[in-house]
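Let's work through a few short exercises together. Take a look at the model first, then try each task before reading its solution.

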Amino acid sequence: MEEGNQTYVTEFVFLGLSQDPHTQVLLFFLFLIIYLLTVLGNLLIVVLIHIDSRLHIPMYFFLRNLSFADLCFSTTTVPQVLVHFLVKRKTISFAGCSTQIVVLLLVGGTECALLAVMSYDRYVAVCKPLHYTTIMTHRVCAQLATGSWASGAFVSLVDTTFMLCLPYRGNNIINHFFCEPPALLKLASADTYRTEMAIFAMGVAILLAPVSLILVSYWNIISTVIQMQSGEGRLKAFSTCGSHLTVVVLFYGSAIFAYMRPDSKIMNERDKVISVFYSAVTPMLNPIIYSLRNKDVKGALRRVTKGRKEMKG
């Protein structure tokens, strides 16, 4: 579309993760395996928690929300990336790019809030076990989950409003493998200071605030665990905390690096690799770390499998 001598961008072209055809084939299979594991793992968690009444407790209620968010997060980017590994010209329409950003920010913001809520749930369970059922009621859990999705929607609304109001003319080549605000800002044909400040402010609200709550929660959890008499209980709790904090470091660390730097608009190869962690790797790891290693989930899976065998028999 043209206005005077200026041409508005109607589609964007990605440079992708690699220009080498052989590397792209290898990356295709790597991302395909990651995506299949992500879909199978998260779908399994959602289904198991839904059908097994023993898992209808706050921790698994939040896990089901997290798994659904992970499914949406990964599906928004990875299938498109898989297609682009197999084609020479990697394009996306302006509308498609806008939709991708809206969904990514919505689901990503929600996941940030959910991880903080889950850490609070664990804090209450470990540090205030006698008051757990009175604090984490069904109503409170529903409010916390709704608040998480609402915060993600708010962040998405603010960031995309600022981003999509910018004019995009001429240059349409994105040095990335999916539409992400810092990469897209580089192409804007106007001053982006206000938009960058809006993204930074939303980053403080949805990245720094939740990660601070998570660190405080786990600090209190670890302090309580150290005082436990049982050595086996301490080891189990430390193992759980360690695996959960690994996800936190991977997800929040890479996201903070991408969105909270002063020069976040400048994209390079390192930035693209870091983006892989929170867009593809973390959604795959979450069901493994939070659920599939858990004895309750394993028990639910055995019961479902046994029930299906008995029905066939």
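The exercises below go from the whole chain to helix pairs and then to a single residue.

**Exercise 1. Describe the predicted model as a whole: its secondary structure, burial, contacts and surface**.

Solution.
- Begin with the elements: this predicted model holds 10 helices and 5 strands.
- Next, take burial: 47% of the 313 residues count as buried.
- Then turn to contacts: among those with a separation of 6 or more, 79% link residues 24 or more positions apart.
- Finish with the surface: the accessible area is about 15,800 Å², and 67% of that belongs to carbon and sulfur atoms.

**Exercise 2. Work out how H1 is oriented relative to H2, and sort the residues of their contact by class**.

Solution. Two packed helices are described by the angle and the distance between their axes.
- Locate the pair: H1 covers residues 21–51, and H2 covers residues 58–86.
- Read the geometry: the two axes come within 9 Å and cross at roughly 155 degrees.
- Apply the cut-off: angles over 145 degrees count as roughly antiparallel, so H1 is roughly antiparallel to H2.
- Add the hand: the crossing of H1 and H2 is left-handed.
- Sort the contact: H1 and H2 meet through 20 nonpolar, 8 polar and 2 charged residues.

**Exercise 3. Do likewise for H3 and H7, and list residues that meet**.

Solution.
- Locate the pair: H3 spans residues 94–127 and H7 spans residues 193–226.
- Read the geometry: their axes come within 9 Å, with a crossing angle of roughly 20 degrees.
- Apply the cut-off: angles under 35 degrees count as roughly parallel, so H3 and H7 are roughly parallel to each other.
- Add the hand: H3 and H7 make a left-handed crossing.
- List the residues: on the H3 side they include Gly-109, Cys-112, Ala-116, Tyr-120 and Arg-122, while those of H7 include Ile-206, Pro-210, Ser-217, Tyr-218 and Asn-220.
- Sort the contact: between H3 and H7 there are 16 nonpolar, 5 polar and 1 charged residues.

**Exercise 4. Is Ser-67 buried or exposed**, **and which residues does Ser-67 contact beyond its neighbours within four places in sequence**?

Solution.
- Place the residue: Ser-67 lies in helix H2.
- Compare with the cut-off: buried means under 20% relative accessible area, and Ser-67 has 4%, so Ser-67 counts as buried.
- Find the partners: with neighbours within four places set aside, Ser-67 touches Asn-42, Ile-45 and Val-46.

Definitions and conventions:
Residues are numbered from 1 along each chain as its sequence is written. This is a predicted model: local features need pLDDT of at least 70, side-chain atom pairs count only at pLDDT 80 or more; totals for chains, interfaces and linings use all residues. Side-chain values use heavy atoms; hydrogens and water are left out. Helices (H or I, at least four residues) and strands (E, at least two) are DSSP runs, numbered from the N terminus. Buried means under 20% relative accessible area, exposed over 50%, partly exposed in between (1.4 Å probe, protein chains only). Contact means heavy atoms within 4.5 Å. Axes are lines fitted to C-alpha atoms, for helices over the stretch in contact, and angles run from 0 to 180 degrees between N-to-C directions. Angles under 35 degrees count as roughly parallel, over 145 as roughly antiparallel, 65 to 115 as roughly perpendicular and the rest as oblique. A crossing is left-handed if the near helix is turned anticlockwise from the far one by less than a right angle, and right-handed if clockwise. Ala, Val, Leu, Ile, Met, Phe, Trp, Tyr, Cys and Pro count as nonpolar, Asp, Glu, Lys and Arg as charged, and the others, Gly among them, as polar. Accessible areas come from the Shrake-Rupley method with a 1.4 Å probe; for residues, only the protein chains shown count as cover.
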